[in-house]
Amino acid sequence: MEWHQISVSALSNLTHIDLHNNSLTSPLPCLSNSVMLETLYLGHNNFTSMLDFCFVWTNSLRTFNLSNNLNLVPWVIPLGLIDSSLLHTLDLEATNIIDSLESGMFDWYPSLHTVFLSNNITRPLPLSLGQIISQQLGGGQNETASSHGGPSKARLTPVWIVWALMLGVGIVILIVIIFKRKRYSILVQRWIFKKNNEIY
């Protein structure tokens, strides 16, 4: 089925589109009239290309999944997505992204917490990626390069988990110190008692 057979241009109040795994073909159409659109699932289809302006004014977009569209001609992430400042989940795994990503790209999305970019060729990754609390870059056939030029197969740990681990380690250390001090105090008392008995 070709996408142009499905018209969304007149559905300005549409908030959710889920068309994944439908063997859809042709280029992605312009979605800029979908100003209320919050979730867009287009993964596992056969789209061929994407226009730079097809996401202009998608201000409400929060989740965008285009993963596993291997027929897309090599492309770069469209600047039109800069309007989607509420985006929190971005899945572009296996979509033939090429070239470097914009250096401040991830600053566009202050709410972004999950990113999938595996099975693409993008180098280098922008430093702004490191400011996201939780990211998943995938593994396996990942050809994504890190911001320092090396291969990136990392899954960054959320900050709250790090703090919880640090707190747990601190509590264990404190318990060990208290136990040792108590044991030392008992040994000292026994030694004093023994010396007193020797004197008398």
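So, Glu38: this residue is partly exposed, with a relative accessible area of 34%. Keep in mind that we're looking at a predicted model here. Glu38 forms a salt bridge with Arg62, and the closest N and O atoms of the two are 3.8 Å apart. If you're setting a cut-off in your own scripts, note that the one applied here is 4 Å between a side-chain nitrogen of Lys or Arg and a carboxyl oxygen of Asp or Glu, so 3.8 Å counts. Arg62 is partly exposed as well, at a relative accessible area of 29%.

Where do Glu38 and Arg62 sit? Glu38 is in the loop between E1 and E2, and Arg62 is in the loop between E2 and E3, so the pair ties together parts that are 24 residues apart in sequence. And how many salt bridges does a search of the whole structure find? One. In general, side chains of opposite charge can pair when their charged atoms come close.

Okay, let's step back to the fold. The protein chain has one helix and five strands, and reading along the sequence you get β-β-β-β-β-α. The five strands make an open sheet, in the order E1-E2-E3-E4-E5, with parallel pairing. Strand E1, residues 16-18, and strand E5, residues 114-116, are at the edges with a single partner strand each, so one side of each has no neighbour in the sheet. On average, neighbouring strands of this sheet are turned by 10° against each other, ignoring direction.

Let me zoom in on one pairing. E2, residues 39-41, runs parallel to E3, residues 63-65, and the two are joined over three bridges. Thr39 has Thr63 in E3 as its bridge partner.

Next, the backbone angles. Most residues other than glycine have a negative phi. Which way does Ser23 go, positive or negative? Positive: Ser23 has a phi of about 55° and is not a glycine. Ser23 lies in the loop between E1 and E2 and is partly exposed, with a relative accessible area of 43%. Ala94 also has a positive phi of about 55°, again without being a glycine. That residue, Ala94, belongs to the loop between strand E4, residues 89-91, and E5. Is Ala94 buried or exposed? Ala94 counts as buried, at 5% relative accessibility.

Back to Ser23 for a second, since its backbone nitrogen lies 3.0 Å from a polar atom of the Asn45 side chain. Asn45 is found in the loop between E2 and E3, and it's buried, with a relative accessible area of 3%. What does Asn45 touch, leaving out residues up to four places away in sequence? The list runs Leu19, His20, Asn21, Asn22, Ser23, Leu24, Asn68 and Asn69.

Then the aromatics. The count comes to two aromatic pairs. For one of them, Trp108 and Tyr109, the ring centres are 6.0 Å apart and the planes are at 80°, so the pair is edge-to-face. Both Trp108 and Tyr109 are buried.

Last bit, the chain-wide numbers. Of the 200 residues in the protein chain, 35% count as buried. And if you take contacts between residues at least 6 apart in sequence, 46% of them join residues at least 24 apart. Okay, that's my part.

Conventions
Residues numbered from 1 in each chain as written. Predicted model: local features only at pLDDT ≥ 70, side-chain atom pairs only at ≥ 80, totals over all residues. Heavy atoms only, no water. Pairing = 2+ DSSP bridges. Helix = DSSP H or I, 4+ residues; strand = E, 2+ residues; numbered from the N terminus. Axes fitted to C-alpha atoms, helices over the stretch in contact; angles between N-to-C directions. Phe/Tyr/Trp six-rings, centres within 6.5 Å; stacked < 30°, edge-to-face > 60°. Buried < 20%, exposed > 50% of the residue type's maximum accessible area, 1.4 Å probe, protein only. Polar contact = N/O pair within 3.5 Å; in protein donor to acceptor, adjacent residues only side chain to side chain. Contact = heavy atoms within 4.5 Å.
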